[in-house]
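Let's take a walk through this chain together, starting with the overall picture and then stopping at a few places along the way. Have the sequence and the 3D view open as you read.

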Amino acid sequence: MNYVKFYAKQLKKDNSIFKQQKLLIESQIKSSRQIFSHFGKGATFRKNARKYLKL
């Protein structure tokens, strides 16, 4: 909880922190999409994901 309060105070002082955080999260989402797009869709996705996790 202390971290949340500290982070909120830092954001009030300098919102560039938020911009950096947003860039990081968007980058992670993009990477995840690229990785998981190779697994297919629906039942194929589940089958390929399980196969990948077993490795």
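We begin with confidence and overall form, then turn to a helix contact and to three single residues.

Please keep in mind that this is a predicted model. The mean pLDDT of the chain is 88, and 100% of its residues reach 70 or more. If you look at confidence element by element, helix α1, residues 2-13, has the lowest mean, at 87. The highest mean, 89, belongs to helix α2, which covers residues 16-37.

Now for the overall form. The chain has three helices and zero strands, and its elements run α-α-α from the N terminus on. How spread out is the chain, next to a compact globule? Its radius of gyration is 18 Å, whereas the globule rule gives 10 Å for 55 residues; the value is well over the rule, so the chain is more spread out than a compact globule. You can also picture a box drawn along the principal axes: the C-alpha atoms fill roughly 50 × 20 × 20 Å. As for burial, 4% of the 55 residues in the chain are buried.

Next, turn to the place where α1 and α2 meet. Two packed helices are described by the angle between their axes and by the distance between those axes. Here the axes of α1 and α2 come within 7 Å and cross at roughly 115 degrees. Angles of 65 to 115 degrees count as roughly perpendicular, so that is how α1 lies to α2. On the α1 side, the contact is made by Y7, Q10 and L11, and on the α2 side by I17, F18 and Q21. Sorted by class, this contact of α1 with α2 has four nonpolar residues, two polar ones and no charged ones.

Finally, let's visit three residues of helix α2. K19 lies in this helix. Is K19 buried or exposed? Its relative accessibility is 53%, and because exposed means over 50%, K19 counts as exposed. Between K19 and G40 there are 32 Å, C-alpha to C-alpha, and the two are 21 residues apart in sequence.

S31 is also found in helix α2. It has a relative accessibility of 36%, so S31 counts as partly exposed. From S16 it is 15 residues along the chain, and the C-alpha atoms of the two serines are separated by 23 Å.

Our last stop is Q34, again in helix α2. Q34 has a relative accessible area of 47%, which means that this residue is partly exposed too. Its partner for a distance check is A8: the two are 26 residues apart in sequence and 32 Å apart in space, C-alpha to C-alpha.

How values were computed. Residues are numbered from 1 along each chain as its sequence is written. This is a predicted model: local features need pLDDT of at least 70, side-chain atom pairs count only at pLDDT 80 or more; totals for chains, interfaces and linings use all residues. Side-chain values use heavy atoms; hydrogens and water are left out. pLDDT is the predictor's confidence in each residue, from 0 to 100. Helices (H or I, at least four residues) and strands (E, at least two) are DSSP runs, numbered from the N terminus. Buried means under 20% relative accessible area, exposed over 50%, partly exposed in between (1.4 Å probe, protein chains only). Axes are lines fitted to C-alpha atoms, for helices over the stretch in contact, and angles run from 0 to 180 degrees between N-to-C directions. Angles under 35 degrees count as roughly parallel, over 145 as roughly antiparallel, 65 to 115 as roughly perpendicular and the rest as oblique. Contact means heavy atoms within 4.5 Å. Ala, Val, Leu, Ile, Met, Phe, Trp, Tyr, Cys and Pro count as nonpolar, Asp, Glu, Lys and Arg as charged, and the others, Gly among them, as polar. The radius of gyration is taken over C-alpha atoms; the globule rule is 2.2 Å times the number of residues to the power 0.38.
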